[in-house]
Amino acid sequence: MRRFTVAVAAVVVSLGVSACQDDLPITPAGSGGYWSTAPQTDDQRWELLRKVRAIDPCALVPRAELAKIDVVSWVEVSKPDSCAARMGSSESGKGTELRWSLFVAPGGFVHHERARTTMMGSITVATVSDLEANPDHQGKLVERNCTASASFPSTAAVMVFATTPLGTEPCPVAEAILPTIIAQLDKEPTHPTSPDTPRTVLLGGDPCAVTDDLGVTPAIVDQREWKCSFRYRDNDIEVRYTYDRELIVVDGEPIFVINGHPGYGDPDATDFFSYNAIVGPVVPSPKPESFLGPNLPVVNVFGRNGAVVEEVLRHAVALFPAA
């Protein structure tokens, strides 16, 4: 249930994207080439997922660009598809923080009801600040934030979340970084182009790889870049490749060890089962270690039948090299 709560929160953030700025500069960056064309066949849709998974998110905003905001304190890979950076003061409420991610949105974005959008070539850009989305928060905030998105005709999309101190406007920070991300995306920088991106066992992997062993053919319409959804033994199964904190992953003793990789179940689960396996060493981070422990490369399997979830996880873990 802890993982389910985190997943719901991520969806809420995604659905909250809207626009506040209609005067962004028009630029040809990203308006041509691969990302400007929508996939027409299933093979093209699978290829899009492979391309997105191959891109190093931290390379989309080089340190030289971050330094234009303020002195860079740290840059960190938070998930295989996302990167975060802190500029200026590391004291809470005083510095500037950016988080950005690259993903696929086949159905397009559902924007906030107050959304205003603009175009950068063929790319739809949308932004919303905290106070524009929730005016009643005026006087209650401890810092400012803004969410900006850029969605491409290919159905690939980028989301940027900017946090700045009170007394500043966060949306110009998020908007200013989007042209850089779009221009870098055209170059398709692969893992690990950025010196801040550690090489992990998940990079280059495909969460749908396990379906070959299971004899299942997943439908492309259900897939995302680092998640694979399919039916197996009359169960809806979801396999994720992700980075997660140790205390979220580890729950007591492992229920199995395959190739040196421990797998963990949730003994308290009843309706939903979220099992995890650690498939590689700690993901290095420049930040002080969280109370939840270090980030780990993880295979997560989610479903309603514990026995089926464990079986799928065992097959998925067996695909990784021995520890």
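Trainee: Is Arg45 buried or exposed in this one?
Mentor: In between: Arg45 is partly exposed, at 32% relative accessible area. Buried means under 20%, exposed over 50%, and partly exposed in between, using a 1.4 Å probe and protein chains only. Bear in mind that this is a predicted model, where local features need pLDDT of at least 70, side-chain atom pairs count only at pLDDT 80 or more, and totals for chains, interfaces and linings use all residues. Residues are numbered from 1 along each chain as its sequence is written, and side-chain values use heavy atoms, leaving out hydrogens and water.

Trainee: Got it. Which residue does Arg45 form a salt bridge with?
Mentor: Asp42, with 3.1 Å between the closest N and O atoms. A salt bridge here is a side-chain nitrogen of Lys or Arg within 4 Å of a carboxyl oxygen of Asp or Glu.

Trainee: Where do those two sit in the helix?
Mentor: Both are in helix α2, residues 42-54, and since they are 3 residues apart, about one helical turn separates them. Helices are DSSP runs of H or I with at least four residues, numbered from the N terminus. Asp42 is partly exposed too, at 44%.

Trainee: What about Arg53, which residue does that side chain meet?
Mentor: Arg53 pairs with Asp206 in a salt bridge, 3.7 Å from N to O. Asp206 lies in the loop between α5 (171-187) and α6 (210-214), so the pair ties together parts 153 residues apart in sequence. Arg53 is buried at 8%, while Asp206 is partly exposed at 27%.

Trainee: Nice! How many salt bridges does the structure hold?
Mentor: It holds 16.
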